[in-house]
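Please open the model in your viewer, with residue selection and secondary-structure display at hand. The stops below can be followed in order.

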Amino acid sequence: MKLSIRYRLFLSILAATCLALLCMFLIMQWSINRGFIQYLNALEQGRLEKTAKSLEQAYAEQGSWDFLRNNPEIWIGRLLNAQSDHVDPWKRKAFEKRLEVPPPPPPPLGPHRPRWPFIVLDANRNPLFGTTEDLRERSFRPIVHNKETIGYIGGLPPIQFLNPLQLQFLTRQKSALILSALGLLLVVVLFSLPLANRLVRPIRALAGATRELASGKYAVRVPVSSSGKTGDELGQLAQDFNSMALTLEKNEKARRQWVADISHELRTPMAVLRGEIEALLEGIRPINPDAIRSLHAEALRLHRLIDDLYQLALSDLGALTYRKEWLDLAEVLRDALLPFQAEMSGKGIRLNTHFPEGFKISLWADAERLHQLFINLLDNSLKYTDPGGELFIRLDCRKGLAEITFADSAPGVPEEDLDRLFDRLYRVETSRSRALGGAGLGLAICKNIVEAHGGTVVARPSPRGGLEIQIILPDVEGCV
């Protein structure tokens, strides 16, 4: 059975929390044990110092260790009792009176003899007091009298003689740690599942919206959380999804508009052809060279439209081939101008070029596609410039870029239509009439050719009253 992302996220949080709690418990337990033992060790060292001084004083009074060999438990008990009293004179007097009372009988010998926390050795390291089987576990310090070592005293590590109260303290601390860890684990369990639900909720919304988008519902959108506006990954993902859905919706609308426009553009010449053919068949128009030329003109218009659509489709698919080489951009432009000079002269359009006869620009490009680009721009200017107007062409080179400008005279294009001039099948109807045979595909093809060469093309109002098209191409090696 596959776990949902909600439960996987919940289990991940729970596992990470358990691991963190386990590490914290082990570290705290080690810290408590270490700190408590260090504290006991400090106390024991202080006690050994006092015991050593008391033994030194008793040795000075007795003159030997015989008192400790004969009655070790009695003398050690008295020494320990003496250490428990402070400098209060009343307590000291009471202790001195207690020393006059016969001591209690010593504890029984044998396996049940109590284990003392320290051991006393004479100067030859022979045991005077304490058990001898744990000598290796003890650390000894000398007992000095009159600058002479008279014996040694050593104590066990504090962990060896913890009393019940100390053990109870450690047990309570460990129990408190365990209860704290269990409490934190319960809190994590109570909060991690709602947190997992909250984190998974936008993912579920995205999954549902993706399914709707895949089914063709491009108007679907997902809500963007407020945290997403400040850089949250899920919020950013929701924004990206909405942007993608908006782009797909626009593309779908453009596709439908594209199909409708193509159908409309094809229907017009087909309707003209059908009407003229039916007129010829019914005898309304005589079959003569003029009728044949009219049919031929409509067929050519239809052929140009289909060819433009084919070229544009190839460009969109990336299947339009480009054979780039180092070429002279000025020469390509001059070759494109030759067939239009007579037609422009016949229409009364002055053609002004701003580049000398011997001017050269070495450019890495496809000569055939650039020729097609210039032909489309010159054809537009020829069709949509009023008789008696002017077409100005400038070719320049600066900072490794080639700049080509086509600026014609009236009629112009409204500024609100300039951004749409390069859209497919878009025409400004006031000046770009279907009667001139344009289908609104020439500038779209031009834009694709320029972008395929890594350049840019923009349209703006011309200082001469018409339209100015500026093309910038990179990969220029030099200008002469």
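Which residues form a nonpolar patch on the surface, and with about how much accessible area together? In this predicted model, select Leu3, Tyr7, Leu11 and Leu193, which make up that patch and together have about 320 Å² of accessible area. Keep Leu11 selected and show helix H1, residues 5-62, since this is the helix that holds Leu11. Leu11 has a relative accessible area of 42%, and because the range from 20% to 50% is classed as partly exposed, that is how Leu11 counts.

Next, move to the open sheet of five strands, whose order is S6-S8-S9-S11-S10 and whose pairing is mixed. At its edges, each pairing on one side only, are strand S6 (350-354) and strand S10 (456-461). On average, and with direction ignored, neighbouring strands of this sheet are turned by 15° against each other.

Within the sheet, select strand S8 (residues 390-398) together with strand S9 (residues 401-409): the two run antiparallel and are joined by eight bridges. Then add helix H9 (residues 367-384), which lies across S8, S9 and strand S11 (465-473) and runs at about 20° to S9.

Finally, centre the view on Thr405, a residue of strand S9, which has Arg394 standing opposite. Is Thr405 buried or exposed? Its relative accessibility is 3%, and because buried means under 20%, Thr405 counts as buried. To display its surroundings, select Phe392, Ile393, Arg394, Glu468, Ile469 and Gln470, which Thr405 touches when residues up to four places away in sequence are not counted.

Methods
Residues numbered from 1 in each chain as written. Predicted model: local features only at pLDDT ≥ 70, side-chain atom pairs only at ≥ 80, totals over all residues. Heavy atoms only, no water. Pairing = 2+ DSSP bridges. Helix = DSSP H or I, 4+ residues; strand = E, 2+ residues; numbered from the N terminus. Axes fitted to C-alpha atoms, helices over the stretch in contact; angles between N-to-C directions. Contact = heavy atoms within 4.5 Å. Buried < 20%, exposed > 50% of the residue type's maximum accessible area, 1.4 Å probe, protein only. Patch = residues over 30% accessible without salt bridge, like charges linked within 9 Å, V, L, I, M, F, W, Y side chains within 5 Å. Areas by Shrake-Rupley, 256 points an atom, 1.4 Å probe, with all protein chains shown as cover. Salt bridge = Lys/Arg side-chain N within 4 Å of Asp/Glu carboxyl O.
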